Amino acid sequence: MQWPTLQASFDAYSAPQADRWGANALRTISPALDPDASDEAWGWLHDGRAESRRALLRLEPATVTVTHVTTRITWMIRPVAFLPLAHRQDVQLPPCTYAFKACAGSSTSSEPD
C-alpha cells in the first residue's frame, strides 16, 4: 500500500475563495478523468459543492474525492486557526518583522555570551 502524498497546497483567505479553488482544480482535471471519475467530479460540482461551502463557513473541513482508475484524488479544504508569519513561497518577510524591537535584557543577538 502506498501512503497518500501531498502534491500541492493553496492558501485561501476566505471560505468562498477556498471553495472556488477546489472547484477550479476539479474542473481543470475533469476532461482527463475516466467517465466514472468525471461523473463523480461533476456530481460534486453540481450537488456537493454547496454543502462543502456551508461546512467551510461553519469552520468545518470539507473533502472532495474522485477515483480515476486506481488513483484516488482527494482535495482537503479546511480552516486553520493561525496567522501566517512569513510567506512560504518566497524569502521575503512580512513588513511587521522589521517593526519588532527586542526587549532590553533579551538574548536575541547571535554573538557568543
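Let me begin with L59, which in this predicted model is exposed, with a relative accessible area of 66%, and which therefore falls on the exposed side of the cut-off, set at over 50%. L59 sits in the loop that runs between helix α2, residues 35–57, and strand β1, residues 62–68. What makes L59 worth a pause is its backbone, since its phi is positive, at about 65 degrees, although the residue is not a glycine. As a reminder, most residues other than glycine have a negative phi.

If we now move along to the other end of β1, there is V69, placed in the loop between β1 and β2, the latter spanning 71–77. V69 is again a residue other than glycine with a positive phi, in this case near 55 degrees. Is V69 buried or exposed? At 60% relative accessibility, V69 counts as exposed, because exposed here means over 50%.

From that loop I would like to go on into strand β2 itself, where T74 is found. At 37% relative accessibility, T74 counts as partly exposed, because that value lies between the 20% and 50% limits.

Which residues does T74 touch, once those up to four places away in sequence are set aside? They are T63, V64 and T65. Taking V64 from that list, T74 and V64 are separated by 10 residues in sequence, while their C-alpha atoms are 5.5 Å apart in space. With T65, finally, the link is between side chains, for the side chain of T74 makes a polar contact with that of T65 at 3.0 Å.

Conventions. Residues numbered from 1 in each chain as written. Predicted model: local features only at pLDDT ≥ 70, side-chain atom pairs only at ≥ 80, totals over all residues. Heavy atoms only, no water. Helix = DSSP H or I, 4+ residues; strand = E, 2+ residues; numbered from the N terminus. Buried < 20%, exposed > 50% of the residue type's maximum accessible area, 1.4 Å probe, protein only. Contact = heavy atoms within 4.5 Å. Polar contact = N/O pair within 3.5 Å; in protein donor to acceptor, adjacent residues only side chain to side chain.
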